Amino acid sequence: MKCQAKECGKDATHRVSNVLLCEEHANQQRRCSGGCAKLLQVANVNLAVHSSYKEGEILLCEACDRLDKKTCTYCRTIVEVGGRTTTTNRPYGNTTQLCENCDRLDKKTCTNCRTIVSVEGETHVTYTPYNDGEIPLCGRCDRLVGQRCRACTRRRPSARPTGGTNC
């Protein structure tokens, strides 16, 4: 019998889920990334119905694909399925998280709540930069703390004029 992987033609030496495969293709197994680890593909042979995300890097079986998913705020890679982590990710603030790859990129976070406001220069959240951009505050935190000195971020007393930087 010959290997059932497309365009192979080698002698089949393994049986994986009723598919005859050569040694090389039998070792190319892809499982569900959603945490259930169901076998979905062997080489280029589909064994179960599944959805593919991020150019085939992430495969989810039908059951896991129906679960709630969380994605990286920046690149939209699925980082969590049904409460189970699919890839290393890091939360920033209450609503922002980055996958492992995006977490390595240069980013600015709100000084107060750590929500990511920009990644690699691409703005995701409206923010106000203080001290020449070194101290960013997201729009929500900027409204909460009131008007601040752009040089040192200290709250301006109401008696002090708003145009100066006398701290």
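Here are four short exercises on a predicted model of a protein chain, each with a worked solution.

**Exercise 1. Getting an overview**

Find out how many helices and strands the protein chain has, and what share of its residues is buried.

*Solution.* Start with the secondary structure: the protein chain has 4 helices and 17 strands. Next, look at burial. The protein chain has 167 residues, and 34% of them are buried. Now turn to the surface, where the chain exposes about 10,400 Å². Carbon and sulfur atoms supply 43% of that area. Last, check the contacts with a separation of 6 or more: 23% of these link residues 24 or more positions apart.

**Exercise 2. Judging one residue**

Decide whether His25 counts as buried or exposed, and list what His25 touches beyond its sequence neighbours.

*Solution.* First, locate the residue: His25 sits in helix 1, which covers residues 23-26. Then compare its accessibility with the cut-off. Buried means under 20% relative accessible area, and His25 is at 12%, so His25 counts as buried. Finally, skip the neighbours within four places in sequence and see what's left: His25 is in contact with Cys3, Ala5, Cys8, Val42 and Ala43.

**Exercise 3. Finding the cores**

Work out which residues make up the largest nonpolar core, and which strands each supply at least two of them.

*Solution.* Keep a general idea in mind: in soluble globular proteins, nonpolar side chains tend to be buried together. Here the largest nonpolar core has 11 residues: Cys3, Ala5, Val16, Val19, Leu21, Cys22, Ala26, Leu39, Val42, Ala43 and Val45. Strand 2 (19-21) and strand 4 (39-42) each give this core at least two residues. There's also a second, separate core of 10 residues, with Ala48, Cys61, Ile78 and Val81 among them. Back in the largest core, pick out Cys22. Leaving aside neighbours within four places in sequence, Cys22 is in contact with Cys3, Cys8, Lys10, Asp11, Ala12, Thr13 and His14.

**Exercise 4. Pairing up strands**

Give the strand order of the open sheet built from 3 strands, then describe how strand 11 and strand 12 pair.

*Solution.* Begin with the open sheet: its order is 3-4-5, with antiparallel pairing. Strand 3 (29-31) and strand 5 (45-46) are the edge strands, as each pairs on one side only. Strand 3 is joined to strand 4 by 3 bridges, and Gln29 has Val42 of strand 4 as its bridge partner. Now move to the other pair. Strand 11 (residues 89-92) and strand 12 (residues 96-99) are antiparallel over 4 bridges. Asn89 stands opposite Cys99 in strand 12. The hairpin they form has 3 residues between the strands, and Gly93 takes a positive phi near 65°.

Notes: Residues numbered from 1 in each chain as written. Predicted model: local features only at pLDDT ≥ 70, side-chain atom pairs only at ≥ 80, totals over all residues. Heavy atoms only, no water. Buried < 20%, exposed > 50% of the residue type's maximum accessible area, 1.4 Å probe, protein only. Contact = heavy atoms within 4.5 Å. Areas by Shrake-Rupley, 256 points an atom, 1.4 Å probe, with all protein chains shown as cover. Core = buried A, V, L, I, M, F, W, Y, C linked by side-chain atoms within 4.5 Å. Pairing = 2+ DSSP bridges.
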